[in-house]
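Student: Can we go through this one together? I'd like to take the chain contact and then the sheet.

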Amino acid sequence: MREIVVISGKGGTGKTSITAAFAHLAENAILCDLDVDAPDLHLLLDPVTEEIHDFRSGHEAVIDQAMCIACGLCADMCRFGAIEKRIDGYHVDSLRCEGCKVCVRFCPTEAVDFNEKLCGRWFASGTRFGPMIHAQLFPGEENSGRLVALLKKQTRERAAAQGRSLILCDGAPGIGCPVISSLSGAGQAVIVTEPTPSGRHDMERVAELCAHFRIPVAILINKFDLNLQNSADIERHCRAKGHTFLGVLPHDDVVVRAMMLGKSVTELPETAFSEALRMVWEQIIQLPASRQNNINTLKA
Amino acid sequence: MIYAIASGKGGTGKTTLTASLASMWDRPVTAVDLDVEEPNLHLFLHPEITSEEPALMEIPVLDAERCTLCGLCAEFCQFKALSVMGKTLLLFPEMCHGCGGCLALCPEKALTPGGRELGHILSGNAGSLGFLMGRLRVGEAMSPPLMRQVKLRFNMNTNKDTGNGTGKGPAEETDILIDAPPGVSCPAVNAVMDADCIVLVTEPTPFGLHDFRLAIEAFRPLGKPMGAFINRAGIGDAGVQDYCAAEGVPIWAEIPFSRAVAEAYSKGQVVCQAVPELGGVFTTLMGSMRAAATAARAKRMEVAHA
């Protein structure tokens, strides 16, 4: 079974639209949206939800005002500035609280409760391109890396049980905990970049992250015609670094048109964009199925 | 005043907007890149960097001679950063959140403070513009601790209570423009939580709308004035405008989609300089941001003195 994760470093390069088209072109795949923070793949794949699960992770401190003697020790010890002194006593700012339990453990009157947090929901769904595992972290919540790890575990188990040959994941922007978690154990990273200074800069950082975890990298440039010079430079850079260069896609309004219809671009009448995308997909499935990486699942 | 430029969806134009605002701001201002995972603002502002320092997070270091393997630390740690295995205490520094709990707990003083490099903090200036950025080390999972340290550099008090009795933050003299990371989870909230006003950048597409709604949901509980900046107006539909009208979110400015803007951006140009006819849009936006932040601060002062 092969596992492909589509990432970009920079947001808005076209990851999700491209992943949806890959989902359409792929055979016997299970799909997974690992951008649990701002997921969009479901807007194109229109999943019919079959299972809904709560995602609980971590804890949050709450001060019981009846027990608090206002000694201020918790505020002194909190490294996250999460304890606020207000007129009516000390309070925990839930947005700053990391759930480290220091205030709970050191409070002389045991006035701090430590409640498990409901951080989001995850779903198992069916789509016209196959099953899909996805989630929604509640706005402002943390532990996205743990939710990503949970989704991957669920996806892998179901892929094995259903005899799927491919796991196709839409990743998150950035290089932090959700992205590290989404790369863990993946067989192939596909990086979607664009010929802009930000696109290139962010691609280089996320490619370095993949190298750090020994995940093979394949790169494609979206909107290449916005800047031909930058596109040529990126291609040269990729080849010099030993990454697979998958090709280029033109800037095309078909991406927005497909989004408006809730379709993948390859479901609309053929354009230069979808033609190029099909060729890219042909290349991706030709890539050697690399060994599964033995990376400890990061729970950060 | 502190202004945060944020968005749910990535690639909607946060950095483009921050760079444009910074380059035309008519008061002393520092541009701060808090998208520490993928900082890009420097690619457009080309600041002269005068200082680059590593940012460390305090993590425990073990003195095995002193450790009695009592396991108090491992039992306490919520992040599984310490574990007793046989006759050794194992430390997993990359899991540590730096809470200091184990250091305070250890009865033998076998754990002492050490540091994990989170990344670097760079500062400098571009002409009269101040510049500050955080750059996360590749492989480091946690961006909020680095963001907190960057915020401390511009004296933003993360404890909210500024302690100077005036109700005015120390950032009063110089305005701060924050380029926030995309998304709506902890890094994004961390970037905007100390701002006086939030500009939400979006685009009028189904993805743009969906992530814009998430951002409104995530940031609304902060009780800060928010306004929308619609980039690439004319592509897609009117969903974002309709949603703003229904939710009472003001639309502070719009920029129509144009290939000229996209190409200027691809060359690393600051859009308000490359496409001067857009200057008025940014001036209007600056006025709306300032008015909203001033009104919100006045209201807070009123409440504080009531």
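Student: How many residues does each chain put into the contact?
Tutor: Chain B gives 57 residues and chain A gives 55, where two residues are in contact if their C-beta atoms, placed from the backbone, lie within 7 Å. This is a predicted model, in which local features need pLDDT of at least 70 and side-chain atom pairs count only at pLDDT 80 or more, while totals for chains, interfaces and linings use all residues. Residues are numbered from 1 along each chain as its sequence is written, and chains are lettered from A and ligands numbered from 1 in the order in which they are written.

Student: Which element of chain B gives the most to the side that touches chain A?
Tutor: That is α7(B), with seven residues. Helices are DSSP runs of H or I with at least four residues, strands are runs of E with at least two, and both are numbered from the N terminus.

Student: And where does α7(B) lie on the sheet?
Tutor: α7(B) lies across β1, β9 and β10 of chain B and runs at about 165° to β9(B). Axes are lines fitted to C-alpha atoms, for helices over the stretch in contact, and angles run from 0 to 180 degrees between N-to-C directions.

Student: What do β9(B), α7(B) and β10(B) make?
Tutor: A right-handed β-α-β unit: with the strands pointing away from the viewer, the path from the first strand over the helix to the second runs clockwise.

Student: Is β9(B) mostly covered or open?
Tutor: Mostly covered, as six of its six residues are buried, meaning that 20 or more other C-beta atoms lie within 10 Å of a residue's own. C197(B), V199(B) and V201(B) are on one side, and I198(B), L200(B) and T202(B) on the other.

Student: What pairs with it, I mean with β9(B)?
Tutor: β1(B) pairs with β9(B) in the parallel sense over four bridges, and Y3(B) stands opposite C197(B). β10(B) also runs parallel to β9(B), joined by five bridges; there A228(B) is the bridge partner of L200(B). Two strands pair if DSSP finds at least two bridges between them.

Student: What's the order of the whole sheet?
Tutor: β3-β6-β7-β2-β8-β1-β9-β10-β11 in chain B, an open sheet of nine strands with mixed pairing. β3(B) and β11(B) each have a single partner strand, so one side of each is left without a neighbour in the sheet.

Note on methods
Buried ≥ 20, exposed ≤ 12 C-beta atoms within 10 Å, placed from the backbone.
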